[in-house]
Amino acid sequence: AISAEYPPFEYIEKGEIKGFDIDVAKLIGKTLGVQVVFENRAFNTIFPLLDNGQADAAISTITASVERRKSFDFSEVYYKSDLATIFKEQRPITTVGQLEGKKVACQLGSTMELWLKAHVPSASRVAMDHTNQAVEALKAGHVDTVLIDEVQALMITQKNPGLSYAVIAPVDEGYAIAFKKGSAHKEPVDRALKALIAGGELKKLEAQWLKDPALWK
């Protein structure tokens, strides 16, 4: 299960599903000798798909938070990205304190939405299905900022003159592949991930997808 609305991690271009997470999943499948089939859904439906047995695993910039670990199993962490704000250059929001009382857009069901609720309860949360909706709301002046991860913040500001970003909070929890509790798929996926990390293949994908802003213009 994926939600292909979060470039450069997962997105659709000319009818093809692409991105860092997609290539990570394909590499794991190749290492295990299995075919990977992607089921593209809204992000807030991914965990129900796992619960219902309609998906074996989910990879979609999913933070392996303490709260989520109570209900689902997770693979080894394969990437970490700090929290950032996107804002209009003339109205910067560069600290957590500046989020107080502001209209803040974030993806529905995301860790950003949960973080905002826990750390800045006075902010007006505007949860949206897709990141591009949040960015358009910011450009139209309907929200003051977008809360997102650092990598995507950099990508979005590269593509949108007049927008800038700032890292506002570190994260202790990284992105991992989610499974239903007790899933037999976790152990082999962990084994494959460890081999890919040790062999340097994941670092190569990071360089390809996450470290070259020229690819995002």
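Student: By class, what residues make up the lining of the second largest cavity?

Tutor: Sort the lining residues into nonpolar, polar and charged. In this predicted model, the lining of the second largest cavity has seven nonpolar, two polar and no charged residues.

Student: Which residues line the second largest cavity?

Tutor: A residue joins the lining if it has an atom within 4 Å of a cavity point. Here the list is Tyr6, Cys106, Gln107, Met112, Thr131, Ala134, Val146, Leu147 and Ile148. Strand E6 (103-107), helix H5 (131-139) and strand E8 (145-149) each give two or more residues to this lining. The largest share, three residues, comes from E8.

Student: How many cavities of 30 Å³ or more are there, in the whole structure?

Tutor: The search finds two. The largest holds about 70 Å³ of space. The second largest holds about 50 Å³.

Student: What lines the largest cavity?

Tutor: Tyr6, Phe43, Ser60, Thr61, Thr63, Gln107, Ser110, Thr111, Met112, Asp149 and Tyr175 line the largest cavity. By class, that gives four nonpolar, six polar and one charged residues.

Student: Now the rings. Which residues do ring pairs link into a cluster?

Tutor: The cluster holds Tyr6, Phe9, Phe20, Tyr78, Tyr79 and Tyr175. Tyr6 and Tyr175 also appear in the lining of the largest cavity.

Student: How many aromatic pairs does the count come to?

Tutor: Rings pair if their centres lie within 6.5 Å. By this rule, there are eight aromatic pairs. Take Phe20 and Tyr79 as one case. Their ring centres are 5.8 Å apart and their planes stand at 65 degrees, so the pair is edge-to-face. The cut-off for that label is over 60 degrees.

Student: Where in the chain do Phe20 and Tyr79 sit?

Tutor: Phe20 is in helix H1 (residues 20-32). Tyr79 is in the loop between strand E4 (72-74) and strand E5 (83-88). The two are 59 residues apart, so the pair links distant parts of the chain.

Student: Is Phe20 buried or exposed?

Tutor: Buried means under 20% relative accessible area. Phe20 has 0% relative accessibility, so Phe20 counts as buried. Tyr79, at 10%, counts as buried too.

Student: What kind of aromatic pair do Phe47 and Phe72 form?

Tutor: Phe47 and Phe72 form a tilted pair, 4.7 Å centre to centre, with 45 degrees between the planes. Phe47 lies in helix H2 (residues 46-51) and Phe72 in strand E4, 25 residues apart. Phe47 counts as buried at 15% relative accessibility. Phe72 counts as buried at 9%.

Terms used: Residues numbered from 1 in each chain as written. Predicted model: local features only at pLDDT ≥ 70, side-chain atom pairs only at ≥ 80, totals over all residues. Heavy atoms only, no water. Phe/Tyr/Trp six-rings, centres within 6.5 Å; stacked < 30°, edge-to-face > 60°. Helix = DSSP H or I, 4+ residues; strand = E, 2+ residues; numbered from the N terminus. Buried < 20%, exposed > 50% of the residue type's maximum accessible area, 1.4 Å probe, protein only. 1 Å grid on protein atoms, 1.4 Å probe; cavity = no way out; pocket = protein on both sides within 12 Å on 5 of 7 lines; lining within 4 Å. Points joined across faces, edges and corners; volume = space filled by probe spheres on them.
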